[in-house]
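This report describes the fold of one protein chain and then a few of its residues and helices. The sequence and model are shown first.

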Amino acid sequence: MEKPKFTPSALTSSRGALHMAQILVCVVTFVVGYIWGHPSHTYWIYSMVVWGLCPVISLVITIVEMFLIHKLILVFCMDWDDFTTGMAMMSSLCMFSCTVICANFYICWKCIWGWMITILSAVCCVLYCVEMFKDKCDAARSATYVAVLPGFIKILQAFVGCIILISLIGYVGKPALLWCIVAYAIPLPLTLLIIITNILTKLRKCLPFNIDCFSMIFLFISVLLYVSAAILWPIYSFRGNPRPKDCPGNSCVWSIQFVVAFMTYVNLGLYIIDLVFTCCGICGFKRSE
């Protein structure tokens, strides 16, 4: 087992340079967003968190690899290559969503700050996508869970769940829509728990229950919850509430409610695919024995 030691090659390699570029552009994006000081809408708060958190993750990964700490991590708890590829995937998705949000909500012909923040966010997205594709195409890197289809599906589920939660609006005084919020909120932390336990292989072995069996039960419950939300949210959001004639995408409650409805069906499809593939034990999905 190698002892931690400083390796400058972690910074001078193409991977290290890519991480430095990610950190630099993300920090600039965060600073520009902070200076702009846009009103605290949930979409804006989400974007600021992403622009602040992603460079921190890249910095931690760089420091770990620079001192070869990942060699110790590999021995004691998890597959480092799989983890970093998963972080690149999630960062790419989050940066893409931030870019779309900025382009839709904060950009106009005379909005220089809006154009600037959107372009910077797009550059961040490209940088993380480059890392993701480089990792996926590198045959020397291992792929045990997050970097293969079962883990990627889980990441998509968590990502779509986050987008739904930050888009919730117009539910006050409507018990059916409050139930939908519960249906959206329950699967998300459990999805993250399953991802973490599959990354931390030592933790998975120490659990007092079969994680594959737990995943099967969780998927079945998640499908039922999302089916109820897929029925109730459109009915109680749009019944007797047609799209207004003047409904700009950046300030229209109806449009945001439509985003929630659309993402509900997307995540329902992802959970159904996950459940069917897990039951059949195909494409790398593990069936509970």
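## A buried serine in α5

S92 is a residue of helix α5. The model discussed here is a predicted one. With a relative accessibility of 4%, S92 is buried, because the limit for that class is under 20%. The side chain of S92 has a polar atom 2.7 Å from the backbone oxygen of A88. The side chain of S92 also reaches the backbone nitrogen of C129, at 3.3 Å. Apart from neighbours within four places in sequence, the residues in contact with S92 are C125, Y128, C129 and M132.

Helix α5 as a whole is mostly covered, with 19 of its 26 residues buried. From its first C-alpha to its last, α5 reaches 37 Å, close to the 38 Å expected at 1.5 Å a residue.

## Helix α6 and its partners

Helix α6 covers residues 112-137. Does the end-to-end distance of α6 agree or disagree with the span expected at 1.5 Å a residue? The 26 residues of α6 should span 38 Å, and the end C-alpha atoms are 38 Å apart, so the two agree.

The buried residues of α6 are G114, I117, T118, L120, S121, C124, C125, L127, Y128, E131, M132 and D135. Which helices do these buried residues pack against? They pack against α2 (14-36), α3 (42-66) and α5 (80-105). Among the buried residues of α6 are C125, Y128 and M132, which are also in contact with S92. An α-helix has 3.6 residues a turn, so residues three or four places apart point the same way.

## The overall fold

The protein has 12 helices and zero strands. Along the sequence, the pattern is therefore α-α-α-α-α-α-α-α-α-α-α-α, where helices are DSSP runs of at least four residues. Buried residues account for 47% of the 289 residues. Of the contacts with a separation of 6 or more, 77% are between residues 24 or more positions apart.

An unreviewed UniProt entry lists residues 20-37, 43-68, 88-107, 113-133, 145-170, 176-201, 213-236 and 256-285 under "transmembrane region". Two of the listed spans, 176-201 and 213-236, can be set against the model. Residues 176-201 are 92% helix and 0% strand, and the end C-alpha atoms of that span are 40 Å apart. Residues 213-236 are 100% helix and 0% strand, with end C-alpha atoms 35 Å apart.

## The α7 and α11 pair

Two packed helices are described by the angle between their axes and the distance between the axes. For helix α7 (residues 149-167) and helix α11 (residues 211-238), the axes come within 14 Å and cross at roughly 35°. The crossing of α7 past α11 is left-handed. On the α7 side, the contact is made by K154, Q157, G161 and I164, and on the α11 side by F218, L219 and Y226.

Q157 lies in α7. Is Q157 buried or exposed? Its relative accessibility is 1%, so Q157 counts as buried. The side chains of Q157 and D274 make a polar contact of 3.1 Å. Leaving out residues up to four places away in sequence, Q157 touches T191, L219, N267, L270, Y271 and D274.

## Two further positions

I169 is placed in the loop between α7 and α8 (175-185). A relative accessible area of 26% makes I169 partly exposed. Beyond residues up to four places away in sequence, I169 touches W233, V253, I256 and Q257. I169 and V253 are 84 residues apart along the chain, and their C-alpha atoms are separated by 7.0 Å.

E65 belongs to helix α3. E65 is buried, with a relative accessible area of 13%. The side chains of E65 and R15 are joined by a polar contact of 3.0 Å. L11 is 54 residues from E65 in sequence, with 9.1 Å between the two C-alpha atoms.

The polar contacts of the residues discussed are set out below.

| Residue | Partner | Distance |
|---|---|---|
| S92 side chain | A88 backbone oxygen | 2.7 Å |
| S92 side chain | C129 backbone nitrogen | 3.3 Å |
| Q157 side chain | D274 side chain | 3.1 Å |
| E65 side chain | R15 side chain | 3.0 Å |

Note on methods. Residues numbered from 1 in each chain as written. Predicted model: local features only at pLDDT ≥ 70, side-chain atom pairs only at ≥ 80, totals over all residues. Heavy atoms only, no water. Helix = DSSP H or I, 4+ residues; strand = E, 2+ residues; numbered from the N terminus. Expected span 1.5 Å × (residues − 1). Buried < 20%, exposed > 50% of the residue type's maximum accessible area, 1.4 Å probe, protein only. Contact = heavy atoms within 4.5 Å. UniProt positions renumbered as here; feature names shortened; annotations may be inferred. Polar contact = N/O pair within 3.5 Å; in protein donor to acceptor, adjacent residues only side chain to side chain. Axes fitted to C-alpha atoms, helices over the stretch in contact; angles between N-to-C directions. Left-handed = near helix turned anticlockwise from the far one by under 90°.
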